[in-house]
Amino acid sequence: MINWTEFAYDVESFGNVFTCIVKRIDNGYRWIFEITPWRDHSPQLVQFLRTLGSTGTARMVGFNNVGYDYPM
């Protein structure tokens, strides 16, 4: 049996603004990533997602993630 760590996430995009908010379900810790002309958290976002993927036990869940968030 795999001991999953679950994360809720939401992605928003509008014009030159992209945000991704991730919250760890079991402890409520959250990460906020922004890619705009004022801030560029893209290296941190990529590293975060790679780290989650490398664990093999992380699950990301969201609302309408198949239709919108995941393709983003």
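Good morning. Six bridges join strand S2 to strand S3, residues 30-35, and these two strands run antiparallel. I begin with that pairing and work outward from it; please keep in mind throughout that the model is a predicted one.

Within the pairing of S2 and S3, Lys-23 has Arg-30 of S3 as its bridge partner. The two strands form a hairpin with five residues between them. In that turn, Gly-28 adopts a positive phi of about 80 degrees.

On the S1 side, S2 is paired again. S1 and S2 are antiparallel, and eight bridges connect them. Phe-7 has its bridge partner in S2, namely Arg-24. The hairpin of S1 and S2 has two residues between the strands, and here Gly-15 takes a positive phi near 55 degrees.

Let me place these strands in the whole chain. The protein has four strands and two helices, and from the N terminus the order of elements is β-β-β-α-β-α. Along the principal axes, the C-alpha atoms fill a box of roughly 45 × 25 × 20 Å. Of the 72 residues, 21% count as buried. The exposed surface comes to about 5,400 Å², of which carbon and sulfur atoms supply 57%. Among contacts between residues at least 6 apart in sequence, 36% join residues at least 24 apart.

I turn now to the interior. In soluble globular proteins, nonpolar side chains tend to be buried together. Which residues make up the largest nonpolar core here? There are ten: Phe-7, Tyr-9, Val-11, Phe-18, Cys-20, Val-22, Phe-33, Leu-45, Phe-48 and Leu-52. Strand S1 (5-14), strand S2 (17-24) and helix H1 (42-55) each supply at least two residues of this core. One of the core residues, Phe-48, deserves a closer look. Setting aside neighbours within four places in sequence, Phe-48 is in contact with Val-22, Trp-31 and Phe-33. Phe-7 also belongs to the core, and I have already mentioned Phe-7 as the bridge partner of Arg-24.

Next, the charged side chains. How many salt bridges does the model contain? The count comes to three.

In one of them, Arg-59 is joined to Glu-6, with the closest N and O atoms 3.7 Å apart. This pair links distant parts of the chain, since Arg-59 lies in strand S4, residues 58-61, and Glu-6 in strand S1, 53 residues apart. Are these two partners buried, partly exposed or exposed? Arg-59 has a relative accessible area of 36% and is therefore classed as partly exposed. Glu-6, at 33%, is likewise partly exposed.

Another salt bridge joins Arg-24 and Asp-26, where the closest N and O atoms are 2.6 Å apart. Arg-24 counts as partly exposed at 27% relative accessibility, whereas Asp-26 is exposed at 56%.

The remaining pair is Glu-34 with Arg-39, whose side chains meet at 3.5 Å, N to O. Is Glu-34 buried or exposed? Glu-34 is buried, because its relative accessible area of 18% falls under the 20% limit. Arg-39, at 47%, is partly exposed.

I close with the N-terminal end of S1 and its surroundings. Thr-5 is located in strand S1. With a relative accessible area of 19%, Thr-5 is buried. What does Thr-5 touch, beyond residues up to four places away in sequence? The contacts are Arg-24, Thr-57, Ala-58 and Arg-59. Two of these residues have appeared already: Arg-24 in the salt bridge with Asp-26, and Arg-59 in the salt bridge with Glu-6.

Asn-3 is found in the segment before S1. At 67% relative accessibility, Asn-3 counts as exposed. The C-alpha atoms of Asn-3 and Ala-58 are separated by 8.9 Å, although the two residues are 55 apart along the chain. Ala-58 is also among the residues that Thr-5 touches.

To review: S2 pairs with S1 over eight bridges and with S3 over six. S1, S2 and H1 each contribute at least two residues to the ten-residue core. Finally, the salt bridge of Arg-59 and Glu-6 connects S4 with S1. Thank you for your attention.

How values were computed: Residues numbered from 1 in each chain as written. Predicted model: local features only at pLDDT ≥ 70, side-chain atom pairs only at ≥ 80, totals over all residues. Heavy atoms only, no water. Core = buried A, V, L, I, M, F, W, Y, C linked by side-chain atoms within 4.5 Å. Buried < 20%, exposed > 50% of the residue type's maximum accessible area, 1.4 Å probe, protein only. Contact = heavy atoms within 4.5 Å. Pairing = 2+ DSSP bridges. Salt bridge = Lys/Arg side-chain N within 4 Å of Asp/Glu carboxyl O. Areas by Shrake-Rupley, 256 points an atom, 1.4 Å probe, with all protein chains shown as cover.
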